[in-house]
Amino acid sequence: MIDHQGIGMTSRRTKERLIDRLKAEGIKNLEVLNAIREIPRHLFVDEALASRAYEDTALPIGYGQTISQPYIVARMTEIMIEHPTQPKYVLEVGTGSGYQTAILSRLVTRVFSVERIKGLHQQAQKLLRQLQIRNIKLKHTDGGMGMPEYAPFDAIIVTAAPEGIPLGLVNQLKTGGVMVLPVGTRDEQVLVRVIKTEEGYEKEFLERVSFVPLLGGVSS
Ligand code: SAH
């Protein structure tokens with residue numbers, strides 16, 4: 001039993017309301033909107049918060065972390081999949097609840113996702129298994145260094161904010177590949193699109209965002 005009681009029934013209507021809101025906020029990609037429709041976000045938050053799962057807001061997932069706001073999940077995913085060379089192999093840094101991982105799994109061939117907090121990694125692993133999402137590979141590790149054993153990737157999505165662009169991650173992109181990430185301090189962050197080139201990388205600042213910080217090391 002993985003459906004929190006009652007929520008499954010009301011979720012269809014509230015989910016459509018969320019989709020309408022995302023469209024109003026400028027999300028146009030139908031594949032992304034469909035993935036958001038298909039993945040039951042209420043299963044990725046604590047049961048006590050399940051009734052708020054289809055609000056366009058970040059929610060706590062324990063360990064001082066949050067599940068990202070649906071708008072930002074949709075926006076980062078849209079930027080990534082609309083990249084001219086459509087990404088197939090994607091790295092996510094910051095599995096958290098596993099919600100963004102689940103969304104990505106619907107849109108690309110394989111998702112690799114790393115999380116530094118063991119409890120969150122295990123919880124996400126269990127839920128994604130229950131949902132029978134199989135084209136993913138999760139790992140409990142410090143993602144600042146990426147996942148060298150599976151690099152290079154077509155795309156990287158970072159769901160916690162470093163203070164600068166991590167070169168270790170840029171190096172794990174294929175040439176022409178794209179990385180979408182928040183960069184900045186806790187108070188001031190901007191969403192950045194990085195494109196790896198033969199010589200190095202190009203960057204473009206997109207919009208202001210607010211994420212938890214990217215921290216070093218692993219935690220139990
Ligand atoms: N994508 C997640 C967002 C979770 S918040 C979701 O949809 O729920 C960001 C996550 O990044 C947190 O779980 C945090 O523990 C993790 N994180 C922070 N620094 C990290 C690092 N260096 N390596 C891996 N994960 C990290």
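Trainee: What makes the approach of Gln100 to the ligand a polar contact?

Mentor: In this predicted model, a backbone N or O atom of Gln100 lies 3.3 Å from an oxygen atom of the ligand. A polar contact requires a pair of N or O atoms within 3.5 Å, so the pair involving Gln100 qualifies.

Trainee: Which part of Arg116 comes to the ligand, and how do you know that the pair counts as a polar contact?

Mentor: The backbone of Arg116 supplies an N or O atom, 3.3 Å from a nitrogen atom of the ligand. That value is within 3.5 Å, and therefore the pair is a polar contact.

Trainee: What is the corresponding evidence for Asp142?

Mentor: For Asp142, the side chain is involved: one of its N or O atoms is 2.9 Å from a nitrogen atom of the ligand. With the cut-off at 3.5 Å, this pair is therefore also a polar contact.

Trainee: How much of the ligand does the protein cover?

Mentor: On its own, the ligand has 580 Å² of accessible area, and the protein covers 99% of this.

Trainee: Where does the ligand sit, and which elements give two or more residues to the shell around it?

Mentor: The ligand sits in the largest cavity. Strand 2 (65-67), helix 4 (99-105) and strand 4 (110-115) are the elements that give two or more residues to the shell. The largest share, 3 residues, comes from strand 2. The ligand is surrounded by 26 residues, the closest being Ser97, Glu115, Asp142, Gly143 and Leu215.

Trainee: Why is Phe112 called buried?

Mentor: Phe112, in strand 4, has a relative accessible area of 3%. Buried means under 20%, so the term applies to Phe112.

Trainee: Which residues does Phe112 touch, apart from those up to four places away in sequence?

Mentor: Phe112 touches Tyr89, Val90, Leu91, Glu92, Lys137, Met147, Tyr150 and Phe153. Glu92 is 20 residues from Phe112 along the chain, with 6.1 Å between their C-alpha atoms.

Trainee: How do you know whether Ala124 is buried or exposed?

Mentor: Ala124 is found in helix 5 (residues 118-130), and its relative accessible area is 1%. This is under 20%, and therefore Ala124 is buried.

Trainee: Which residues is Ala124 in contact with, leaving aside neighbours within four places in sequence?

Mentor: Ala124 is in contact with Thr95, Gly96, Ser97, Gly98 and Leu138. One of these, Ser97, is also listed among the residues closest to the ligand. As for Thr101, 23 residues from Ala124 in sequence, the C-alpha to C-alpha distance is 9.1 Å.

Note on methods: Residues are numbered from 1 along each chain as its sequence is written. This is a predicted model: local features need pLDDT of at least 70, side-chain atom pairs count only at pLDDT 80 or more; totals for chains, interfaces and linings use all residues. Side-chain values use heavy atoms; hydrogens and water are left out. Helices (H or I, at least four residues) and strands (E, at least two) are DSSP runs, numbered from the N terminus. Buried means under 20% relative accessible area, exposed over 50%, partly exposed in between (1.4 Å probe, protein chains only). Contact means heavy atoms within 4.5 Å. A residue is near a molecule or strand if one of its heavy atoms lies within 4 Å of it. A polar contact is a pair of N or O atoms within 3.5 Å; within protein, one must be able to donate a hydrogen and the other to accept it, and residues adjacent in sequence count only if both atoms are side-chain atoms. Accessible areas come from the Shrake-Rupley method with a 1.4 Å probe; for residues, only the protein chains shown count as cover. On a 1 Å grid over the protein atoms alone, a cavity is a set of points where a 1.4 Å probe fits but cannot get out, and a pocket is an open set with protein on both sides within 12 Å along at least five of seven lines; lining residues have an atom within 4 Å of a point. A molecule sits in a cavity or pocket if more than half of its atoms lie within 2 Å of its grid points.
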